[in-house]
Protein chains: 2
Amino acid sequence: MMLHAMLIKGTFQDSVTLMLLSRDLSAAPGVNRVSVMMGTPANKDMYRETGLWHASLSEATPNDLCVVVDSDAQEASTAAAIAAEVKERLAELARGRRKAGYATARSWRRARALLPEANIALISIAGHYAAEPTRRALEDGCHVMLFSDNVSVEDELELKNLARSKGLLLMGPDCGTSIVAAAPLAFANRIPAGTISIVGASGSGIQELGSQIAGLGGGIAHALGLGGRDLSERIGGISALTALDLVARDAASRVVVFLSKPPAAAVKARILDALQAIGKPAVALFQGERPARRDIGRVHLARTLDEAAALAVELARIDAQVTALPRVAGRGICGLYAGGTLATEAALLLAETLDLAPDTAHADGYLLRADGHRIIDLGDDAYTRSRPHPMIDPGLRNDMIQALAGEPAIGVLLLDVVLGYGAHSDPAGEVARAVNALQAARGECAPLVVIATLTGTAEDPQDRDAQVAALEQAGIVIAASARAAVLLATQAVLEPNQNDMETPALLRARPAVVNVGLRGFADDLHANGVQVVHQQWEPAAGGDERLQRLISLLQ
Amino acid sequence: MMLHAMLIKGTFQDSVTLMLLSRDLSAAPGVNRVSVMMGTPANKDMYRETGLWHASLSEATPNDLCVVVDSDAQEASTAAAIAAEVKERLAELARGRRKAGYATARSWRRARALLPEANIALISIAGHYAAEPTRRALEDGCHVMLFSDNVSVEDELELKNLARSKGLLLMGPDCGTSIVAAAPLAFANRIPAGTISIVGASGSGIQELGSQIAGLGGGIAHALGLGGRDLSERIGGISALTALDLVARDAASRVVVFLSKPPAAAVKARILDALQAIGKPAVALFQGERPARRDIGRVHLARTLDEAAALAVELARIDAQVTALPRVAGRGICGLYAGGTLATEAALLLAETLDLAPDTAHADGYLLRADGHRIIDLGDDAYTRSRPHPMIDPGLRNDMIQALAGEPAIGVLLLDVVLGYGAHSDPAGEVARAVNALQAARGECAPLVVIATLTGTAEDPQDRDAQVAALEQAGIVIAASARAAVLLATQAVLEPNQNDMETPALLRARPAVVNVGLRGFADDLHANGVQVVHQQWEPAAGGDERLQRLISLLQ
């Protein structure tokens with residue numbers, strides 16, 4: 001084994017470009033390994049640790065490109081050939097970049113001059129250097145997505161406090177993905193536009209959630225990354241709370257998904273309070289937790305990514321349904337069920353969601369009777385002595401439906417319609433007639449939302465399609481399951497979100513971005529029609545940190 | 001108000017027919033209410049309680065039809081007209097029944113003679129009388145579906161012990177629905193044929209589960225009802241255990257769903273043991289419970305009907321996938337993940353399913369390292385110093401994949417493939433090449449199942465369809481989510497069910513049924529091509545119970 005090394009002075013390149021270059025060149029014939037890195041102190045340490053140290057590296061500065069070749073060949077010509085290849089590749093890259101179609105600047109000040117409307121800085125330089133440009137961007141009024149990792153927690157706290165004091169969002173450090181108003185920041189998928197917004201402390205988690213949502217036919221408004229440490233006790237969820245405030249005020253965000261590892265207890269309580277206060281349906285996934293209670297008012301706790309995505313898509317669908325319904329004045333929910341198991345499920349879920357005690361005595365078939373709500377199982381003995389089961393004879397339920405004319409405090413009526421052998425030949429028609437009569441009696445002053453589940457298949461003797469049509473013609477909303485019916489019912493009776501808030505500027509229109517660091521991110525933004533200027537960052541003052549700070553104040 | 005009453009002697013009719021008749025006639029002009037019931041002691045009490053008692057009812061026997069008319073009209077002619085209408089309706093029914101296309105018998109013995117191959121008795125007479133014919137059917141070697149309610153718990157226990165001693169299944173009492181080899185028993189939906197079998201203590205719950213399964217594109221093999229009391233401490237789940245044993249031995253049942261209210265603790269433990277012992281993927285829903293642990297070996301606990309149905313359909317799909325895969329010899333699962341959140345979810349779910357402790361130290365990115373299984377996050381710092389993240393540079397993971405050539409104890413490899421901006425331009429191609437090389441190195445003696453999740457959308461720059469095709473060409477199974485991947489992996493490594501068991505006769509072919517009670521159930525069976533004889537049951541010996549028992553021994 002023989003080590004050869006060469007320096008290419010004053011040619012700064014980003015670390016990912018050089019890592020991929022190293023990988024490609026390592027495959028060249030006659031070569032064991034090639035490592036191309038900038039001559040930063042950290043990289044020089046790495047050469048020492050990995051046995052690739054060469055004396056000539058000692059004079060390298062952070063602006064010098066180090067090329068180290070481990071080869072069986074004794075001749076220095078191998079290293080020279082590799083170095084020539086490095087130069088050729090870099091020249092090729094530079095040619096490509098000149099055709100990039102967006103401007104490049106050597107300083108933050110120049111970048112801002114080229115793109116005065118910039119409102120986001122996307123920073124992906126080595127973490128060791130990242131705090132300074134982040135501070136600069138925040139002080140200049142830009143939100144920041146900080147892709148870099150290896151930023152100290154002290155710097156993170158200071159920068160997040162600075163961001164908060166200026167009403168700005170700092171996504172990261174170590175934030176792998178965000179999508180702001182359809183602009184893909186770093187590792188982002190192309191996800192159809194929709195009404196779901198994701199706020200999360202995990203890059204691949206946000207990507208998976210977004211992909212699953214797309215796969216289920218849903219879409220997203222925004223995805224805001226936080227970085228993995230934001231929910232720690234030390235940082236206290238500063239960026240999470242800012243992000244939740246942003247989506248709370250955003251008209252396009254109708255459903256919110258929150259994703260993180262289980263946060264510190266105090267932080268978690270703050271997050272749940274904030275989610276509840278948003279006044280929009282929300283899903284929270286604290287990865288690894290096994291929540292005993294799943295539905296808490298508007299917040300629904302999921303246990304896995306697929307569950308969180310499915311729930312978000314369902315809530316978005318329900319939100320669209322609820323928006324199309326009349327606003328109810330009465331806040332009571334009344335369930336009149338023919339099927340005991342459906343009644344039980346509705347009662348249990350409603351009790352959990354609204355924090356009520358289920359009725360355990362079950363007198364007169366009541367499975368829930370609290371706070372103006374009631375769920376009744378009409379298959380209970382109390383209703384079936386001397387008359388057939390309500391699945392056969394809908395008469396009693398029809399009477400009870402019509403009696404709701406005198407109960408304006410009931411705003412939502414839950415029903416089940418059961419098809420199949422043995423059941424009534426036209427249960428939907430019976431329900432539709434009773435509901436039509438009820439709605440006519442209540443009039444426009446006492447709006448009532450009627451939600452039904454339909455148990456039955458396409459092959460059942462009653463003709464499922466015709467049953468669906470009969471319900472829909474009576475203005476009855478059909479829920480896909482007892483659970484969906486309860487989600488719909490609670491959304492219908494909970495106080496709506498204040499819709500008079502102004503959408504924050506960050507989320508209102510496609511952002512304009514200054515990209516500092518990995519060039520590829522600027523290419524992707526440009527390809528998506530986002531205005532971008534690339535700041536070709538390199539360690540100032542040959543990597544001297546005191547001098548750097550001084551220079552940054554002048555730039 | 002004026003009460004008129006008439007008796008129609010010796011004309012037994014079932015209660016549902018009479019209740020519906022009563023309802024229809026109550027709508028006649030000049031009439032407040034009509035009640036038509038058989039003159040049983042219980043019905044006579046009901047007349048007294050509801051203020052409809054008339055002196056002439058005192059002589060009515062259980063075989064006499066009582067017609068009571070509450071009318072404002074003074075004339076007895078109103079009652080006479082109603083009675084005439086009753087007779088006309090009953091004659092009409094009788095005419096319809098003669099055209100029914102199946103035989104009717106007056107006794108159990110005669111019914112059996114007409115249908116010697118009968119293997120199920122469907123009994124729906126008044127509960128007070130139901131124990132006797134149930135016992136008779138069991139003693140005669142027939143399984144019984146006992147629709148009737150109001151059977152005493154003492155009778156239930158005695159009958160279930162009798163059934164068990166004869167290797168028979170007693171569904172019910174108060175069993176509303178069952179589907180045995182496509183024969184709809186009582187309140188049943190028409191559900192496409194499939195590989196899921198439902199065992200449950202709730203009629204409407206079974207109906208809803210079956211409908212949801214059909215709606216999700218799944219199908220069922222059988223649905224076996226138990227009646228609401230089977231899981232009580234007193235009964236101890238006798239029928240549940242028989243039913244689970246039946247589906248365990250049934251070749252068509254590949255996935256089992258169990259549904260009940262939370263049973264007594266000892267009974268629940270027995271049920272869970274039985275479900276686990278079946279050796280098939282299973283879902284259990286104990287309605288109202290909030291299980292902390294969700295995945296226990298092959299048994300998965302659901303919280304709601306929609307969740308149970310979706311899980312069953314997913315398990316059935318996975319079962320079909322696993323069946324098509326090579327049987328692995330090595331039982332170890334190895335996960336090599338680029339995305340940390342996906343790795344974490346896989347590790348947590350695998351730990352829960354297989355009862356392992358997750359790795360909390362996370363050294364070298366290990367999220368699980370126990371019992372021959374390991375899940376590694378290759379985005380961990382341990383792997384990203386001096387080389388790009390594995391989402392950009394798949395080299396390290398490719399090396400680790402190929403190293404599995406020397407590890408035959410690993411039978412399943414879990415991977416993630418992440419698309420989107422920033423990621424590698426052909427991640428699936430990289431994985432496919434590495435997996436192809438690995439499979440070639442392992443050869444046929446060390447089969448390996450490779451399962452990948454694909455994070456990304458149809459609009460991502462990598463062309464999702466082409467990525468899917470590349471994975472599939474390498475024989476890699478694509479799972480819909482990290483959770484699905486773990487379900488697949490555990491099904492692949494768990495010991496398979498003993499497939500050499502013989503399918504029980506009850507489930508092997510469409511049954512032949514003796515229907516005792518509600519005539520409509522026989523009509524539905526006949527309409528579905530099921531051989532059926534209707535036993536036109538009526539209380540023997542004028543309702544005298546001692547005499548009845550004597551007669552039943554002779555019949």
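Domain bounds here come from an automatic or database domain assignment.

**View 1. Chain A of this predicted model is divided into four domains.** Domain 1 covers 2–93. Domain 2 is written in two pieces, 101–169 and 511–555. Domain 3 spans 175–324, and domain 4 spans 329–493. Look at domains 1 and 2 of chain A: their C-alpha centres lie 27 Å apart. The contact takes 9 residues from domain 1 and 9 residues from domain 2. On the domain 1 side of this contact, 4 residues are nonpolar, 4 are polar and 1 is charged.

**View 2. A turn of 180° lays chain A on chain B.** The RMSD is 0.0 Å, and the shift along the axis is 0.0 Å. The two copies are thus related as by a two-fold rotation axis. Which residue of chain A comes closest to the rotation axis? It is Ala292(A), with its C-alpha at 3.2 Å. Both copies use the same surface: 98% of the contact residues of chain A recur in chain B.

**View 3. The two chains meet through 58 residues of chain A and 58 residues of chain B.** Several elements of chain A give two or more residues to this side. Among them are helix H1 (15–26), strand E9 (183–186) and helix H10 (305–323). Helices H16 (482–493) and H18 (519–527) also belong to this group. H7(A) gives the largest share, 7 residues. By class, the side of chain A that touches chain B has 22 nonpolar, 24 polar and 12 charged residues.

**View 4. Helix H11 of chain A crosses helix H7 of chain B.** H11(A) runs over residues 340–354, and H7(B) over residues 203–215. Their axes come within 6 Å and cross at roughly 80°. An angle of 65 to 115 degrees counts as roughly perpendicular, so H11(A) is roughly perpendicular to H7(B). Which residues make the contact? From H11(A) come Gly340(A), Thr341(A) and Leu342(A). From H7(B) come Ser204(B), Gly205(B) and Glu208(B). The contact has 1 nonpolar, 4 polar and 1 charged residues.

**View 5. In chain B, 6 strands form an open sheet with parallel pairing.** The order is E4-E23-E22-E5-E6-E7. Which strands stand at the edges? They are E4 (103–105) and E7 (170–171) of chain B. Each has a single partner strand, so one side of each is left without a neighbour in the sheet.

**View 6. Strands E5 and E22 of chain B pair in the parallel sense over 4 bridges.** E5(B) holds residues 120–123, and E22(B) holds residues 512–516. Find Ile123(B): its bridge partner in E22(B) is Val516(B). Helix H5 of chain B (residues 127–139) packs on the sheet. H5(B) touches E5, E6 (143–146), E7 and E22 of chain B. The direction of this helix makes about 160° with that of E6(B).

**View 7. A cis peptide bond joins Gly172(A) and Pro173(A).** Omega is about 10°. Pro173(A) lies in the loop between strands E7 (170–171) and E8 (177–180) of chain A. Now turn to chain B. A cis peptide bond joins Gly172(B) and Pro173(B), with omega about 10°. Pro173(B) sits in the loop between E7 and E8 (177–180) of chain B.

**View 8. Asp371(A) has a positive phi although it is not a glycine.** The value is about 60°. Where is Asp371(A) found? It is in the loop between strands E17 (366–370) and E18 (373–377) of chain A.

Conventions: Residues numbered from 1 in each chain as written. Chains lettered and ligands numbered in written order. Predicted model: local features only at pLDDT ≥ 70, side-chain atom pairs only at ≥ 80, totals over all residues. Least-squares fit on C-alpha atoms with pLDDT ≥ 70 in both. Contact = placed C-beta atoms within 7 Å. Axes fitted to C-alpha atoms, helices over the stretch in contact; angles between N-to-C directions. Parallel < 35°, antiparallel > 145°, perpendicular 65-115°, else oblique. Nonpolar A, V, L, I, M, F, W, Y, C, P; charged D, E, K, R; others polar. Pairing = 2+ DSSP bridges.
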